[in-house]
Amino acid sequence: MAANFEESSGSQCPPHIESSDSEMEIVGSENSESDEDEDELDNANESEYTCFVAANGSKYWTPNCDDKYKPQTNKYIPTLEEAFTFYVDYGRICGFDVRKSTKKSDARGNRLAKYMLCNRGGNPKKKKSQETCVNVGDKPKKTRRTTSRRCNCKAQIILKPAGPRGFVLMSFVEEHNHPLASGAERMFLRCNRNMSIPYQNFIMDCARANIGPTRAHSLAKEQFGSFEDVGATVSDFKNFSRDIKVRIGDHDVDMILAKLKLKKETSKDTFYYDYKVDKNGHLTGLFWTDAIGQANFDVFGDIVSFDPTFRTNRYNMVFVPFTGVDNHWKNVTFAAGLLAKENYKNFKWLINSFKKAMDRTPFCAITDQCPAIKKALNKWWKQTKHRLCMWHIMNKLPSKVGPSQPQTKNL
């Protein structure tokens, strides 16, 4: 195919840039500097590909690549996967993506040929003017409005079965009818974007620290030095985080309960947890404490404060930490719980779970002014003195007695 082309006179064509003689005039120092930058870009691109112009005026780009990376006809390859990996590596070096295409089979189903081509090969799809809904089974599936990048590029390799030798490369078309990716554009190629296992673990670790995929990508960029060295885009990080959430789905409670169960088994019963569900199987209460919390309660557990004012965002459950003060006047955590509602039934279950885990009740419990907590403590922690938190008292005092009364010294 290359024999039908004539190389353009004098220079080679940069991607996406068409210049004429009238545009090459130098006006002032600013234009001369911009022309020098364009010349440097042209010189850099010359080493990556060569631009040809056919007799009909069509442009074709041929990659400049070492022969050891270039597919050779009549070469035997053991498997199709190895052939595809080899062609992907060639595309990564030359600046284009690769995809698997059709195969030819005989009437008995035996494979006769396998095609692997540039990802811009094939006829472009019709442009969708708006989002459409396609029925898949019983549920309608919405298809997104996208733009096809296919331009009927003929670059491809054709493989045919070769018996015990595997497959033989019968045809190799090298020319592309579109500019190839060069420089910083290469980082956006699909073959250069790889969500490896270390990246997946990094995103999961960031998620545990309440760091989203966008900030996780920025952290990865700072670690590796530049966005090109990361090997994945922000969209790749977001898509992986989305896929994890979709995969978890409605099994998030099962995962956390399995994790707590495993922790209890591996800690030789020093870790304690309890939970309860409603008639529909939904989690309504969760309580847990570890060996450190139990040890802190044995020493500093005379006075316990638990404040059910923290509400989670996604599940709309109340977080209830059981805290105390050590001999250095620092807060220590004894246990924690999650409740679906702040009512007497849930608080009764929570304080009984605490009593079962610690084998005793504290001498004094400090809470806010909640009737459900007061009723549960008076009935189930009869030996515990119930006191209200001073912070809640001082916070509610102005609204109860008026704005002028708290300023009175005799009050």
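**Exercises: helix packing and an open sheet**

H4 and H6 are oblique to each other. The model behind these exercises is predicted.

**Exercise 1.** Classify the packing of H4 on H6, starting from the angle.

*Solution.*
- Take the two elements: helix H4 covers residues 213-224 and helix H6 covers residues 234-248.
- Read the geometry: the angle is about 135°, and the axes lie 9 Å apart.
- Apply the cut-offs: over 145 degrees counts as roughly antiparallel, and 65 to 115 as roughly perpendicular.
- The pair therefore classes as oblique.
- Add the handedness: H4 passes H6 in a right-handed crossing.

**Exercise 2.** Find which residues of H4 and H6 meet, and sort them by character.

*Solution.*
- On the H4 side, list Pro-213, Thr-214, Ala-216, His-217 and Ala-220.
- On the H6 side, list Val-234, Phe-237, Lys-238 and Ser-241.
- Sort the residues of this contact: 5 are nonpolar, 3 polar and 1 charged.

**Exercise 3.** Work out which strands stand at the edges of the open sheet, and why one side of each has no neighbour.

*Solution.*
- Write the order of the 5 strands: E4-E10-E9-E6-E5, with antiparallel pairing.
- Look at the edges: E4 (76-77) and E5 (98-105) each have a single partner strand, so one side of each lacks a neighbour in the sheet.
- Check the E4 edge: E4 pairs with E10 (residues 167-173) in the antiparallel sense over 2 bridges.
- Locate a facing pair there: Ile-77 stands opposite Phe-167 in E10.

**Exercise 4.** Which strands does helix H2 touch?

*Solution.*
- H2 (residues 80-94) packs on the sheet.
- Its contacts are E4, E5, E6 (111-118), E9 (156-161) and E10.
- For orientation, the direction of H2 makes about 20° with that of E6.

Conventions: Residues are numbered from 1 along each chain as its sequence is written. This is a predicted model: local features need pLDDT of at least 70, side-chain atom pairs count only at pLDDT 80 or more; totals for chains, interfaces and linings use all residues. Side-chain values use heavy atoms; hydrogens and water are left out. Axes are lines fitted to C-alpha atoms, for helices over the stretch in contact, and angles run from 0 to 180 degrees between N-to-C directions. Helices (H or I, at least four residues) and strands (E, at least two) are DSSP runs, numbered from the N terminus. Angles under 35 degrees count as roughly parallel, over 145 as roughly antiparallel, 65 to 115 as roughly perpendicular and the rest as oblique. A crossing is left-handed if the near helix is turned anticlockwise from the far one by less than a right angle, and right-handed if clockwise. Contact means heavy atoms within 4.5 Å. Ala, Val, Leu, Ile, Met, Phe, Trp, Tyr, Cys and Pro count as nonpolar, Asp, Glu, Lys and Arg as charged, and the others, Gly among them, as polar. Two strands pair if DSSP finds at least two bridges between them.
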